[in-house]
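Trainee: Could we go through this structure together, taking the interior, the pockets and the cysteines in turn?

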Amino acid sequence: MRTRLFHIDAFTKQPFRGNPAAVCLLDSWLDDSLLRRVAAENNLSATAFMVTGEDGYDLRWFTPRCEVELCGHATLAAAHLLINVRNSQLDCVTFRTRFRGLLSVRKSGGFLIMDFPAMPPKPSANVLADLTKALRLDSRPTQILEANNTYIVVFDSPDVIENLRPNFAMLEDLHPFVVAVTAPGTDTDLVSRYFAPSYGIPEDPVTGSAHCLLTPYWAGRFGKTKLRARQLSQRGGELWCEMNGDRVRLAGTAVVTMEGFLSI
């Protein structure tokens, strides 16, 4: 079988920045074990698989190790392919997902805007000593929150976020939890980094789904609904975030870096 496969850098306008995702267009769903092997072969933080449906596209996301319930950058990459590459007349696309229902992405002002569920975090009931050891903290965090199997460790300074050098083996032991660290930005509203080694992603370059948690927190703290965010990974990337009731709008751009065929 031969099917089209694209590598797309999301949350950036420049190649080799942002977060790379593979996007695979399928005629019908393959066996889950084969989807996992394809994602492992791509060895990116996410591979998006799409099948044309009655009212849009069915969409699933796989890391190199497993399927995940929500992935922002791979959704942005898939929408970029459909809206900006394959059909320039299209200005909106709807994805049907297994775990998060219908997700829409629309084009506006040079951006693609994703409509995702908001997941407001709450103070963590279990402040784990292993978490602080795994992050190798020199500075005490302001808060430790959690939502959606994610620990959110809040600091006052973006320098702390940039200089973190965590112990990934210890972070992996926190499974199924992953870890996001965040602080106010200097030229953005917030900065963050995201670590998910137990899912095959030691550090994710730019994490759209994490901002479903970070946006409600920082919007409440700053008292405003629109935020500019930057992820301080080596590749780096930016998002524009907006609270909309119980939803979060995440805006970004993307660029195709490779295209070809998957032969299996």
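The questions and answers that follow concern a predicted model.

Trainee: Which residues have the most contacts inside the largest nonpolar core, and how many residues does that core have?

Mentor: In soluble globular proteins, nonpolar side chains tend to be buried together. In this predicted model, the residues with the most contacts inside the largest core are Val23, Met50, Trp61 and Phe95, and the core as a whole has 59 residues.

Trainee: Which element gives the largest share of this core?

Mentor: The largest share amounts to eight residues, and the element that supplies them, spanning residues 72-86, is helix α2. A second core of 18 residues is separate from the largest one and includes Ala134, Val153, Ile161 and Val179. The answer for the largest core therefore remains helix α2.

Trainee: Leaving aside neighbours within four places in sequence, which residues is Phe95 in contact with?

Mentor: Phe95 is one of the residues with the most contacts inside the largest core. With neighbours within four places in sequence left aside, its contacts are Met50, Tyr57, Leu59, Thr75, Ala78, Ala79, Leu82, Gly101, Leu102, Leu103 and Val105.

Trainee: How much space lies in the largest pocket, and which residues lie nearest its centre?

Mentor: About 510 Å³ of space lies in the largest pocket, whose 28 lining residues divide into 14 nonpolar, ten polar and four charged. Both β5 (67-68) and α2 supply at least two residues of that lining. Nearest the centre of the largest pocket lie Val68, Glu69, Leu70, Tyr194 and Tyr199.

Trainee: Which element supplies the largest share of the lining of the second largest pocket?

Mentor: The second largest pocket holds about 240 Å³ of space and is lined by 18 residues, with Phe11, Thr12, Gly236, Gly237 and Glu238 nearest its centre. By class, this lining has four nonpolar, nine polar and five charged residues. At least two residues come from each of β14 (226-231) and β15 (237-244), and the largest share, three residues, comes from β15.

Trainee: Is Thr207 buried or exposed?

Mentor: Thr207 is found in the loop between β13 (190-195) and α6 (211-222), and, leaving aside neighbours within four places in sequence, Thr207 is in contact with Tyr194 and Gln231. Because its relative accessible area is 4%, and the limit is under 20%, Thr207 counts as buried.

Trainee: How many residues of α6 are buried?

Mentor: The buried residues of α6 are His211, Cys212, Leu213, Leu214, Thr215, Pro216, Tyr217, Trp218 and Ala219. Just after this helix, Gly223 takes a positive phi of about 70 degrees. Helix α6 is thus mostly covered, and its buried residues number nine of twelve.

Trainee: Why does Cys66 form no disulfide with the closest cysteine, and which residue is that cysteine?

Mentor: Cys66 counts as partly exposed, at 21% relative accessibility. Its sulfur is too far for a bond, because a disulfide needs sulfur atoms within 2.5 Å and the separation here is 11 Å. The closest cysteine sulfur to that of Cys66 is in Cys71.

Trainee: How far is the sulfur of Cys241 from the closest cysteine sulfur?

Mentor: Cys241 counts as buried, at 3% relative accessibility, and a search of the whole structure finds zero disulfides. The closest cysteine sulfur is in Cys212, too far for a bond, and its distance from the sulfur of Cys241 is 9.0 Å.

Conventions: Residues numbered from 1 in each chain as written. Predicted model: local features only at pLDDT ≥ 70, side-chain atom pairs only at ≥ 80, totals over all residues. Heavy atoms only, no water. Core = buried A, V, L, I, M, F, W, Y, C linked by side-chain atoms within 4.5 Å. Buried < 20%, exposed > 50% of the residue type's maximum accessible area, 1.4 Å probe, protein only. Helix = DSSP H or I, 4+ residues; strand = E, 2+ residues; numbered from the N terminus. Contact = heavy atoms within 4.5 Å. 1 Å grid on protein atoms, 1.4 Å probe; cavity = no way out; pocket = protein on both sides within 12 Å on 5 of 7 lines; lining within 4 Å. Points joined across faces, edges and corners; volume = space filled by probe spheres on them. Nonpolar A, V, L, I, M, F, W, Y, C, P; charged D, E, K, R; others polar.
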